[in-house]
Every structure is written in structure tokens, then in C-alpha cells.
Amino acid sequence: MTTKKISSKKRAGPAQLRPIGTIRSTLRTRKGAPKQGSEGAPDAWLEVKKFATPALDGLVAGGDIIVVTWLHRARRSVLKVHPRSDPRRPLTGVFATRSPDRPNPLGLHRVTIRKIDGKRLLIGPIEAIDETPVVDIKPVIGESKDS
């Protein structure tokens, strides 16, 4: 009888994201939102879900963070776009652009924490539209505001 060795390594399953919060913004449509936060985007509230509120410990008003969002209105089948939606620019692969339309529509937003109110953070400027799911928050490290 022969025996077959069974690998103890588990294969990675499909990626799974669990939103930790939601953006509450005055921006309601993609068309009405600036392309980048620095282009006139407003501040917005990031409402953190109850299960994730202990993870806010250590954040302070005035600090800079990276907010990772799931761009829920993105078209995931798009692989090429005209940069900045300008048809005069040549079609370019989405990985070379900041287009929200892409196979895995994650948004990265560097923002400043303006205020912390319980499980809500007032952050900005941020170009994410209202009801955008937030999948992570990361601190900005390695930079000094004094430099």
C-alpha cells in the first residue's frame, strides 16, 4: 500500500474584507467629487463600527492617517482609462492611474484627524463620497510635520 503525503500548508482562500466603518460626506455622487482630496474636497465623518472602536486607541486629533476605502461605485471590469477623465489623454492602464475604476477598487486617502467624537472621526480633506465603506485605517509614519 502506498501512502500519499498530505501537505500541512493551507491554500489561501479568496480575499475577504470586512468594513470597519463608513464615510459620511456631503459629496453624494462620483461626478460631484474632486479627483483628489487636495482639489477642494471637504472634511467628512468616518463612523467606525462598534466592533472596531477599540482599534481607535492611540489616534489623536491633528494626526495624519491613511484611510483605505472600498470604492463601492467603481466599475471593476475597467482596465484602461483616459487619465483624469480627459479624453484628450491617451488610454492608460488603470494601474498607472488613480482611477477609482479598477479590478479591486481600493482607495487610499491621506487625511488629517480634525476631531474624535467617540466612534466617529472628523477627517479631511477626503474625496470619498457618502456611504463609502472604510476597510482600514493606518498611521502615517516616517515623516515629521516639522520638516
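What is the volume of the largest pocket? In this predicted model, the largest pocket has a volume of about 770 Å³. The following report describes the lining of that pocket, then the strands, and then some individual residues.

**The largest pocket**

A total of 30 residues line the largest pocket. Those that lie nearest its centre are Lys35, Arg98, Ser99, Pro100 and Asp101. By residue class, the lining of the largest pocket comprises 11 nonpolar, nine polar and 10 charged residues. Strand β6, which covers residues 106–117, gives the most to this lining, with four residues.

**The barrel**

Strand β6 also belongs to a barrel, which six strands close in the order β1-β2-β7-β6-β3-β8. The pairing in the barrel is antiparallel, and the twist from one strand to the next averages 45°.

Several of the strand pairs can be described in detail. The table below lists four of them, each with its number of bridges.

| Strand pair | Sense | Bridges |
|---|---|---|
| β1 (residues 21–24) and β8 | antiparallel | two bridges |
| β2 (residues 44–48) and β7 (residues 120–124) | antiparallel | four bridges |
| β3 (residues 64–70) and β8 | antiparallel | five bridges |
| β6 and β7 | antiparallel | five bridges |

Individual residues show how these strands face one another. Strand β8 takes part in two of the pairs listed: Gly21 stands opposite Val134 in β8, and the bridge partner of Ile66 in β8 is Lys138. Strand β7 likewise has partners in β2 and β6: Ala44 stands opposite Ile123 in β7, while Lys115 has Leu122 of β7 as its bridge partner.

Strands β6 and β7 form a hairpin with two residues between the strands. In this hairpin, Gly118 takes a positive phi near 65°.

**Backbone features in the loops**

Two further backbone features are found in loops. Ser85 lies in the loop between β4 (80–81) and β5 (92–93). Although Ser85 is not a glycine, its phi is positive, at about 60°.

The other feature concerns Pro125, whose place is in the loop between β7 and β8 (133–139). The peptide bond that leads from Gly124 to Pro125 is cis, and its omega is near -10°. Gly124 itself falls within the range of strand β7, residues 120–124.

**Aromatic rings and charges**

How many aromatic pairs does a search of the whole structure find? The search finds zero aromatic pairs. Aromatic rings nevertheless take part in contacts with charged side chains. The charged end of Arg120 sits over the ring of Trp45, at 3.7 Å from the centre of that ring. Residue 120 belongs to strand β7 and residue 45 to strand β2, and these two strands pair in the antiparallel sense. A second contact of this kind involves Arg18, whose charged end sits over the ring of Phe51, 3.9 Å from the ring centre.

**Summary**

The model contains an antiparallel barrel closed by six strands and a largest pocket of about 770 Å³, to whose lining strand β6 gives the most residues. Its loops include a cis peptide bond before Pro125 and a positive phi at Ser85.

Note on methods. Residues are numbered from 1 along each chain as its sequence is written. This is a predicted model: local features need pLDDT of at least 70, side-chain atom pairs count only at pLDDT 80 or more; totals for chains, interfaces and linings use all residues. Side-chain values use heavy atoms; hydrogens and water are left out. Two strands pair if DSSP finds at least two bridges between them. Axes are lines fitted to C-alpha atoms, for helices over the stretch in contact, and angles run from 0 to 180 degrees between N-to-C directions. Rings of Phe, Tyr and Trp (its six-membered ring) pair if their centres lie within 6.5 Å; planes under 30 degrees apart count as stacked, over 60 as edge-to-face and the rest as tilted. A charge sits over a ring if NZ of Lys or CZ of Arg is within 6 Å of the ring centre and within 35 degrees of the ring normal. On a 1 Å grid over the protein atoms alone, a cavity is a set of points where a 1.4 Å probe fits but cannot get out, and a pocket is an open set with protein on both sides within 12 Å along at least five of seven lines; lining residues have an atom within 4 Å of a point. Grid points are joined across faces, edges and corners, and a volume is the space filled by probe spheres set on the points. Ala, Val, Leu, Ile, Met, Phe, Trp, Tyr, Cys and Pro count as nonpolar, Asp, Glu, Lys and Arg as charged, and the others, Gly among them, as polar.
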